[in-house]
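Walk through this model from its ligand site to its cores. Then turn to one helix and what covers it.

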Amino acid sequence: MDILSAHVPELFMPTYELIDLALTRYSAKEVAVALGVDPKTVRRWHLRETEPKPYIADAIRQRLLPLGEAPTGPAAFRFIDLFAGIGGLRLPFEKLGGRCVFTSEWDSYARKTYAANFHDGPEHTFAGDITQVHEDDVPDHDVLLAGFPCQPFSIAGVSKKNALGRAHGFADKTQGTLFFDVARIIAAKRPKALLLENVKNLVSHDKGRTFATIIDVLRNELGYHVHTKVINGKHFVPQNRERIMIVGFRDDVPFNWDDLELPPLEEGPKLDSILHREDGTDPAEWHYLEGEKRRVSGKYTLSDKLWEYLQNYAEKHRMKGNGFGFGLVTRDDTSRTLSARYYKDGSEILVSRGGRKNPRRLTPRECARLMGYDDTFRIPVSDTRAYMQFGNSVVVPVVAAIANVMVPLLDHMDTEKAADRKVA
Ligand SMILES: C[S@@+](CC[C@H](N)C(=O)[O-])C[C@H]1O[C@@H](n2cnc3c(N)ncnc32)[C@H](O)[C@@H]1O
């Protein structure tokens with residue numbers, strides 16, 4: 001039983017019992033609306049007159065039951081979640097027994113999704129703009145997680161010296177950037193470990209100077225043992241998505257990228273594993289699907305006008321010898337990188353509907369799956385917001401693979417410290 005199951009017994013409840021539980025909290029009509037069925041159907045399930053389809057159990061857990069109790073008692077380790085988005089970095093560290101004690105995210109829609117998926121106790125603080133938080137107000141923690149936005153910055157000519165009046169050298173190099181906010185928290189709190197995530201382009205940004213500065217600050221100003229690697233999400237999900245992962249440790253622990261369990265790239269899953277099944281068994285939310293077979297709702301199909309525009313645009317660029325254009329996929333393919341602007345025209349990932357039919361966009365639930373979120377992850381925002389949030393997110397199983405190697409090393413650091421103390 002994992003951490004989630006221990007806190008959420010409803011995960012194991014049979015469907016009839018889940019229906020009864022939902023009906024202790026909501027009317028049959030409310031349950032019916034949430035599940036996209038007739039209230040009479042709900043009453044028949046309650047009376048055991050008819051049997052609900054298998055996806056109903058997941059749908060009830062997702063849409064009608066509150067999150068489990070906020071965790072209490074001792075945790076294996078404490079961590080903070082900066083530039084948290086919807087919590088993609090948090091999920092694996094929490095599953096490994098960590099307790100999130102501080103989150104920073106300023107976008108109200110991302111905060112809504114985050115709050116719908118994580119239940120925190122009184123020792124947790126949910127802050128907004130990190131630039132407005134003094135580092136001394138961040139609680140002590142073992143692990144710092146940050147998917148900081150790649151904000152262009154120049155390493156030369158920073159006129160203002162440290163705004164907080166501290167004499168750290170890194171302030172000279174990174175003042176005014178969001179990485180500075182990560183760095184000043186590391187400097188003040190000295191977590192045992194950190195995990196930073198960013199787009200692959202960070203490595204080559206400004207001829208490699210930006211990345212070199214970040215690594216220099218972490219290694220030489222802050223004294224961390226730093227390991228970096230570009231990892232493709234395609235190891236786990238049917239999406240080509242390369243991201244730079246930066247792992248750091250306060251002590252010299254035996255971290256090795258080779259210890260990560262990454263399934264071979266060429267054996268990665270295909271889109272069939274994340275697309276709606278359209279055979280009546282898909283557990284996704286009713287508003288993404290329609291009809292008895294639970295086919296993808298027609299609202300995701302591109303209009304004639306947009307499809308024509310995308311085809312013309314691609315053709316124009318093809319004539320010029322450019323590779324720009326849409327990415328048309330089938331169930332046997334992997335996709336391009338899902339971007340935060342997917343809501344605009346969906347052009348990077350269009351699902352073929354066969355023949356001469358217009359293709360369709362992915363639904364937000366399919367985007368969640370494409371980023372490695374399981375179907376219990378709640379999506380309480382509009383489609384536009386959901387596309388932006390998943391397009392900005394990490395691939396969760398990539399983070400899990402890293403967390404699996406990082407977290408045991410935290411104990412290693414404790415042991416060394418205890419031994420040191422004994423000798424002293
Ligand atoms: C690349 S996304 C991180 C996504 C996250 N790793 C996930 O898996 O969902 C960066 C996030 O930082 C947030 N952000 C940007 N500037 C911020 C600030 N000054 N304070 C707090 N959050 C900020 C953005 O709203 C955005 O959600």
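The ligand is surrounded by 19 residues (C-beta atom, placed from the backbone, within 6 Å of it). Phe83, Gly85, Gly88, Asp107 and Gly147 are the closest. The shell splits into 9 nonpolar, 7 polar and 3 charged residues. Here Ala, Val, Leu, Ile, Met, Phe, Trp, Tyr, Cys and Pro count as nonpolar, Asp, Glu, Lys and Arg as charged, and the others, Gly among them, as polar.

This is a predicted model: local features need pLDDT of at least 70, side-chain atom pairs count only at pLDDT 80 or more, and totals for chains, interfaces and linings use all residues. Residues are numbered from 1 along each chain as its sequence is written.

Now the cores. A nonpolar core joins buried Ala, Val, Leu, Ile, Met, Phe, Trp, Tyr and Cys residues through C-beta atoms within 7 Å. Buried means 20 or more other C-beta atoms within 10 Å of a residue's own, with C-beta atoms placed from the backbone. The largest core has 81 residues. Leu82, Leu144, Leu145, Leu195, Cys367, Met371 and Ile402 have the most contacts inside it. Helix H15 (residues 396-423; helices and strands are DSSP runs of at least four and at least two residues, numbered from the N terminus) gives the most, 9 residues. Domain 2 (77-266 + 397-423) and domain 3 (271-392) each supply at least three residues; the bounds come from an automatic or database domain assignment. A second, separate core of 12 residues includes Leu18, Val31, Leu35 and Val42.

Which residues of helix H7 (residues 108-117) are buried? Ala110, Thr113 and Tyr114 are. They lie on the same side of H7, because they cover an arc of only 100° around the axis (taken from the directions from the helix axis to the C-beta atoms). Their cover includes strand E2 (98-104) and helix H14 (383-392), by contacts of C-beta atoms, placed from the backbone, within 7 Å.

Note on methods. Contact = placed C-beta atoms within 7 Å.
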